[in-house]
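Subject: Handing over the model

Hi,

Here is the structure I promised to pass on to you. Have a look at it first, and then read on for my notes.

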Amino acid sequence: MDWVDLVLIPAVKSLVMILVLLTGFAYLTWMERKLVARFQVRLGPNRALRFGLGQPLADALKAIFKEEIIPLHVEKWVYVLAPALALIAALAAFAVVPLGPPITLGGRTISLSVASVDIGLLYMLAIAGVGTYGVILAGWSSNNNYGILGALRTGAQMISYELPMGILLASVLIFTGTLNLQQMTEATRPAWQYLWALVAFVPFFITALAETNRSPFDLPETENELVAGYQTEYGGIKFALFFMAEYINMITSSALMATLFLGGWRGPFVEQIPILGVFYLFIKIVFLLFVFIWVRSSVPRVRFDQLMALNWKFLLPLSLLYLAITAVLKVFFG
């Protein structure tokens, strides 16, 4: 391997991934506002360029040029670094997502993920945990009661819902036998295993809603109780960084669910035209993002005690039962 394989190609892939995710975040906000508007029988953004397509750019310029205010009562360095930590973790988690089969260019075989590692799934879970620290540190460093309550809710919510999520992922691993997401996608398994894996999709999607702080589980920032929770003391570009992290986490969660439950980049004619895999994965991610938004428009926000009861009394026992049945099926049917 020369410097092209070791340095240039990974650097280019990283840069492209960051640009795509930032652009995807911007137009995901546009997509959500337009869809929620349609669900509520109104128009949504429709002034900035045709169909409101310039609205994300207008929002970005507004956030960038807003006056930066750092309150005197905050822990300054932690307060400033917390949004960056949340965003960096959100971007880094996407690095192991396989976007398609390897392609050959100029005699080189190039993987369509930034990093194809053998512990890819474990890496994603670990990085997601680092992102949680950004939210918790933001609430703590704000020295604000609403911010601290939001941070405490975040810690309790993330730790609680990681348990059923991890158990459901372990159930999938029983079938795949690998933590490498690319190998998971490429592996050929009996049809009944794919159907049984789909049973875990709904409970896994519920845990993903909680892990990404999406409605109806957006309790760490609920405006009717905590003003804005851990974001209360933030404004301008620092607030925008938290906003970006949340939406990029949605994209990453959708990519992970598409890979685990919907076949990832696999689809018709991918063997003949490998780049088609990127298109198939994109369609699946957009569909799952639509479901995220659909849930937000349809399901009212729950109370915090209901959120925790759903996890400990329903999702955790259900995931343990699913793990046990999966193990039995694997032993008897292979």
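Below is what I found, going from confidence to pockets, the cavity, helix packing and the backbone.

Please keep in mind that this is a predicted model. The average pLDDT of the chain is 85, and 96% of the residues score at least 70. Among the elements, helix α11 (residues 276-298) has the highest mean pLDDT, at 92. The lowest mean, 68, belongs to helix α9 (residues 223-226).

**Pockets**

The largest pocket has a volume of about 1,100 Å³. Its lining is made up of 40 residues, and those nearest the centre are Phe25, Thr29, Phe239, Phe243 and Tyr247. If you want to find the pocket by its elements, α1 (3-39), α2 (55-65) and α10 (236-261) each supply at least two residues of the lining. Of the elements, α1 gives the most, with nine residues. By class, the lining of this largest pocket has 19 nonpolar, eight polar and 13 charged residues.

The second largest pocket holds about 780 Å³ of space. It is lined by 31 residues, with Val20, Leu21, Phe94, Leu99 and Val278 lying nearest its centre. Here the elements that give two or more residues to the lining are α1, β1 (103-105) and α11. Once again α1 gives the most, this time with 13 residues. The lining of the second largest pocket divides into 26 nonpolar residues, four polar and one charged.

You may like to view the two linings side by side: 13 charged residues in the largest pocket, and one in the second largest.

**The cavity**

How many cavities of 30 Å³ or more are there? The count comes to one, and about 30 Å³ of space lies in it. The residues that line this cavity are Val96, Pro98, Ser113, Ser116, Val117, Gly120, Asn180, Leu181 and Gln182. By class, four of the lining residues are nonpolar, five are polar and none is charged.

**Helix packing**

Two helix pairs are worth a look, and α10 takes part in both of them. In one, α10 packs against α11 at an angle of about 120°, with the two axes 9 Å apart. The helices α10 and α11 are therefore oblique to each other. Their crossing is right-handed.

In the other pair, α10 packs against helix α8 (residues 201-211). The angle is about 165° and the axes lie 11 Å apart. An angle over 145° counts as roughly antiparallel, so α8 and α10 are roughly antiparallel to each other. The crossing of α8 and α10 is right-handed too.

**Backbone**

Finally, there are two places to check in the loops. Most residues other than glycine have a negative phi, and most peptide bonds are trans. Against that background, the peptide bond from Ser215 to Pro216 is cis, with omega near 10°. You will find Pro216 in the loop between α8 and α9.

The other place is Asn143, where phi is near 50°, a positive value in a residue other than glycine. Asn143 sits in the loop between α4 (120-141) and α5 (145-176).

When you open the file, you could start from α1, which gives the most to the lining of the largest pocket and also to that of the second largest. From there you could go on to α10, which supplies at least two residues of the lining of the largest pocket and packs with both α11 and α8.

Happy to talk it through whenever suits you.

Best wishes

How values were computed:
Residues are numbered from 1 along each chain as its sequence is written. This is a predicted model: local features need pLDDT of at least 70, side-chain atom pairs count only at pLDDT 80 or more; totals for chains, interfaces and linings use all residues. Side-chain values use heavy atoms; hydrogens and water are left out. pLDDT is the predictor's confidence in each residue, from 0 to 100. Helices (H or I, at least four residues) and strands (E, at least two) are DSSP runs, numbered from the N terminus. On a 1 Å grid over the protein atoms alone, a cavity is a set of points where a 1.4 Å probe fits but cannot get out, and a pocket is an open set with protein on both sides within 12 Å along at least five of seven lines; lining residues have an atom within 4 Å of a point. Grid points are joined across faces, edges and corners, and a volume is the space filled by probe spheres set on the points. Ala, Val, Leu, Ile, Met, Phe, Trp, Tyr, Cys and Pro count as nonpolar, Asp, Glu, Lys and Arg as charged, and the others, Gly among them, as polar. Axes are lines fitted to C-alpha atoms, for helices over the stretch in contact, and angles run from 0 to 180 degrees between N-to-C directions. Angles under 35 degrees count as roughly parallel, over 145 as roughly antiparallel, 65 to 115 as roughly perpendicular and the rest as oblique. A crossing is left-handed if the near helix is turned anticlockwise from the far one by less than a right angle, and right-handed if clockwise.
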